[in-house]
2 protein chains.
Amino acid sequence: MASIKDVAAEAGVSVATVSRVLNDHPSVSDDARTRVRAAVATLGYRPNAVARSLRTDQTRTLGLVISDVMNPYFTELARSVEEAARALGYSVIIGNADERPELQDHHVRTLLDRRIDGLLVSPTDGGSPLMLEAARAGTPMVFVDRWIPGVDVPVVRADGRAAIRDLVAHLCGLGHRRVAIIAGPAATTTGSERVQAFREALAEYGVPLPDAYIGQGDFQAESGRRVTEGFLDLPEPPEVVFATDNLMALGALDAVRARGLRVPCDIALAAFDDIPWFVHTDPPITAIAQPTGELGRAAVRALIDRIEGRPPQSVTLPARLVVRRSCGEHPDPPHPLSPVQRSTS
Amino acid sequence: MASIKDVAAEAGVSVATVSRVLNDHPSVSDDARTRVRAAVATLGYRPNAVARSLRTDQTRTLGLVISDVMNPYFTELARSVEEAARALGYSVIIGNADERPELQDHHVRTLLDRRIDGLLVSPTDGGSPLMLEAARAGTPMVFVDRWIPGVDVPVVRADGRAAIRDLVAHLCGLGHRRVAIIAGPAATTTGSERVQAFREALAEYGVPLPDAYIGQGDFQAESGRRVTEGFLDLPEPPEVVFATDNLMALGALDAVRARGLRVPCDIALAAFDDIPWFVHTDPPITAIAQPTGELGRAAVRALIDRIEGRPPQSVTLPARLVVRRSCGEHPDPPHPLSPVQRSTS
DNA sequence: CCTCCTCGTGGAATCGATTACACGACTGCG
DNA sequence: CGCAGTCGTGTAATCGATTCCACGAGGAGG
């Protein structure tokens, strides 16, 4: 592959001049500029990004470590992050932690070794020493969706509490009193926050949330299935199951089906994180939707602010409830014919 | 950040010795080795991958350019590729082309600029000059899922023809005669191959495939919706719609719903590419499943063979039909000797 | 005792870029 | 005509690693 020296030779100038042309430095004569441009074209020369990064100490690359690529929420997040970064001239390298702390650390380490300019993380656990150390060492970093408390790193996330209150109002309005929740790992902020918000909202309606109705999941489909089976085995099973992410909702649906039960007649179901497929499940699933695209854009903005020396800021955006049919019909149906997607705010 | 020089100073040896310790070179005394190890630990030193890559001319990184990350099929492919690559000591950088040739070229270019060791591509179009050029220039490359004809690059893919014949048999056995297909872009091999296989299989049953029943899609949900609406507007709409990817099937389902029609009573639906959500749609959707994980692993194996100087080989794996309820029930009750695999929901 | 190996080590070149500095040519002004 | 400034360009240092080569010490063998 042609190097800058080959271009210099071909154009009859020094490498310094070639470099200046490449970087649009003003003090280059028109003559030299055109000769260099021609040489670049005939040789099909492309600057070696590795060499350039070594010299300039910047890679124009962002690392994104997410908890689980197979979760459509994170896929969409990754997509919007890449899009926003590309618009600002940055590339993104994605690391998939698969909800496994050691895999998360592996990716953080290799990203750091590659000297990425900044790191976007949705932590799988409560705080790996590696990440803490990186943050302390001054690696530009922003948490997205989940975060680690007590670390001085901006956080970009959605606040689901209002939407969870709306959901509880919806459920109670439907007459449900025995409601259960499939929690995410307590080590994740989203895991504990959603349970707490749910409990508080229920309390406002005088509805208890007994321990037996709190199942411990891990944000993966299989755990949703397992926890739901536990609920169904209870002497008095819940009337509603609220899965705190979409994958666990899928598992819950599996478990309900496997027993030959129907949603919502036999048991109601709601989920955190809305995805396109929820419109088409049987029945369409009531879910809490995050402004995923906005989240990704805001996270990139914050990180690049931090990288380029501007003060970054944390961002919290509201989530919203999207009512469908998986929790039962309203006793007074406003529009009995409309099949899907009503949203409340 | 500490460099190799700092480690050398701390350990009281030369950078050459540090490098030898880092790379497990045999001729280093035990004494020096332990001193270097200690220095590495106290400084928290990590080798700079950028500098190393510049010197060794290898990045131990693979590029993967896929057509659309939001398509669960490709998400899964990406995941299995990353997993297989990691097991062999390589990282993966994913580029999402979003079915747009210019975006595909953008990613190929930045990947090449970063001097990745090899490129895995699922081409969005019939052959960008950039990719052809890269292949000719000797960049290790492997096509996965889709490919560009006439280029000497190994291909790892699933052959859907047998499964499509099974699907046609299933449809004809159900008594359907007016069958339509939503095709992918003709420029992609999968786009044209699936239509052709479908047409040939239908011919064996004496069923025609009129032009009016061939809709042109682009592998995105919106096109599935648009094409399906066109079918429904026909004076004699089809009895079955076969979407050649899962996203277009989703769009088709949308369009059918929007008309207040039901699957499969009013119109049957089948899709290429099976995904977990198809079990839970209303009704569960009959689909052709690819061995996605195997495909990803085989592609990585082929590419790394090529990179490390072993002869790479093309791989073709069979896809298989998964019958669910979206094409209607068999007229004759549960028939266990069906040649195709039934899924238990 | 001298020679020849082997072994561990360090010096220095190298990868492909960027950029500080020096230098020569030219311009303009006094 | 001479001096100062501007402009375009080239030389060389540099980034952080790897690796070839040379060198000195020590052991084995003649």
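Colleague: Where in chain B does B:P283 lie?

Modeller: This is a predicted model. In it, B:P283 lies in the loop of chain B between β9 (268-272) and β10 (286-289).

Colleague: What makes the peptide bond from B:D282 to B:P283 cis?

Modeller: Its omega is near -5°, and that bond is cis. Most peptide bonds are trans.

Colleague: Which peptide bond leading to A:P264 is cis, and what is its omega?

Modeller: The bond from A:V263 to A:P264 is cis, with omega near 0°. A:P264 sits in the loop between α11 (246-258) and β9 (268-272) of chain A.

Colleague: Why point out the phi of A:D57?

Modeller: Most residues other than glycine have a negative phi. A:D57 is not glycine, yet its phi is near 60°, a positive value. A:D57 belongs to the loop between α4 and β1 (61-66) of chain A.

Colleague: Now the helices. Why are α6(B) and α7(B) called roughly parallel and not oblique?

Modeller: Two packed helices are described by the angle between their axes and the distance between the axes. For helix α6 (residues 101-113) and helix α7 (residues 129-136) of chain B, the axes cross at roughly 30° and come within 9 Å. Angles under 35 degrees count as roughly parallel. The crossing angle of roughly 30° falls under that limit, and α6(B) and α7(B) are therefore roughly parallel to each other.

Colleague: Which residues make the contact between α6(B) and α7(B)?

Modeller: From α6(B) come B:Q104, B:D105, B:V108, B:R109 and B:L112, while α7(B) gives B:L130, B:M131 and B:A134. By class, the contact of these helices has five nonpolar, two charged and one polar residues.

Colleague: What makes A:R114 a residue in contact with chain B, and which residues of that chain does A:R114 touch?

Modeller: Contact means heavy atoms within 4.5 Å. A:R114 touches B:A49, B:V50, B:T59, B:R60, B:T61, B:S91 and B:I93. In chain A, A:R114 touches A:T59 and A:I93, leaving aside residues up to four places away in sequence. The place of A:R114 is in the loop between α6 (101-113) and β3 (118-121) of chain A. A:V50 is 64 residues apart from A:R114 along the chain, and their C-alpha atoms are separated by 9.9 Å.

Colleague: What is the size of the contact between chain A and chain B?

Modeller: The size of an interface is often given as the accessible area lost when the parts come together. Here the area buried between chain A and chain B is about 4300 Å², and carbon and sulfur atoms give 60% of that area. Chain A puts 47 residues into the contact and chain B puts in 47 residues. A:R115, A:W277 and A:H280 lose the most area to chain B among residues of chain A, together 19% of what that side buries.

Colleague: On to the DNA. What makes a residue count as near DNA strand D, and how many residues are around that strand?

Modeller: A residue is near the strand if one of its heavy atoms lies within 4 Å of it. There are 26 residues around DNA strand D, and A:R20, B:I4, B:S19, B:N48 and B:R55 come nearest. α4(B) gives five residues, the largest share of the surface near DNA strand D. By class, that surface has eleven nonpolar, nine polar and six charged residues.

Colleague: Why does the pair formed by A:S29 and DNA strand D count as a polar contact?

Modeller: A polar contact is a pair of N or O atoms within 3.5 Å. A polar side-chain atom of A:S29 lies 2.6 Å from a phosphate oxygen of DNA strand D, so the pair falls within the limit. A polar backbone atom of A:S14 is 2.8 Å from a phosphate oxygen of this strand, and for a polar backbone atom of B:N48 the distance to a phosphate oxygen is 2.6 Å.

Colleague: Which residues come closest to DNA strand C?

Modeller: Of the 26 residues that surround DNA strand C, the closest are A:I4, A:S19, A:Y45, A:N48 and A:R55. The largest share of the surface near this strand, five residues, comes from α4(A).

Colleague: Which parts of DNA strand C do A:N48 and B:R20 approach?

Modeller: A polar backbone atom of A:N48 is 2.6 Å from a phosphate oxygen of DNA strand C. A polar side-chain atom of B:R20 lies 2.8 Å from a base nitrogen of that strand. Of the atoms of DNA strand C within 4 Å of the protein, 59% belong to sugar or phosphate and the rest to bases.

How values were computed: Residues numbered from 1 in each chain as written. Chains lettered and ligands numbered in written order. Predicted model: local features only at pLDDT ≥ 70, side-chain atom pairs only at ≥ 80, totals over all residues. Heavy atoms only, no water. Axes fitted to C-alpha atoms, helices over the stretch in contact; angles between N-to-C directions. Helix = DSSP H or I, 4+ residues; strand = E, 2+ residues; numbered from the N terminus. Parallel < 35°, antiparallel > 145°, perpendicular 65-115°, else oblique. Nonpolar A, V, L, I, M, F, W, Y, C, P; charged D, E, K, R; others polar. Polar contact = N/O pair within 3.5 Å; in protein donor to acceptor, adjacent residues only side chain to side chain. Buried area = accessible area lost by both parts, 1.4 Å probe.
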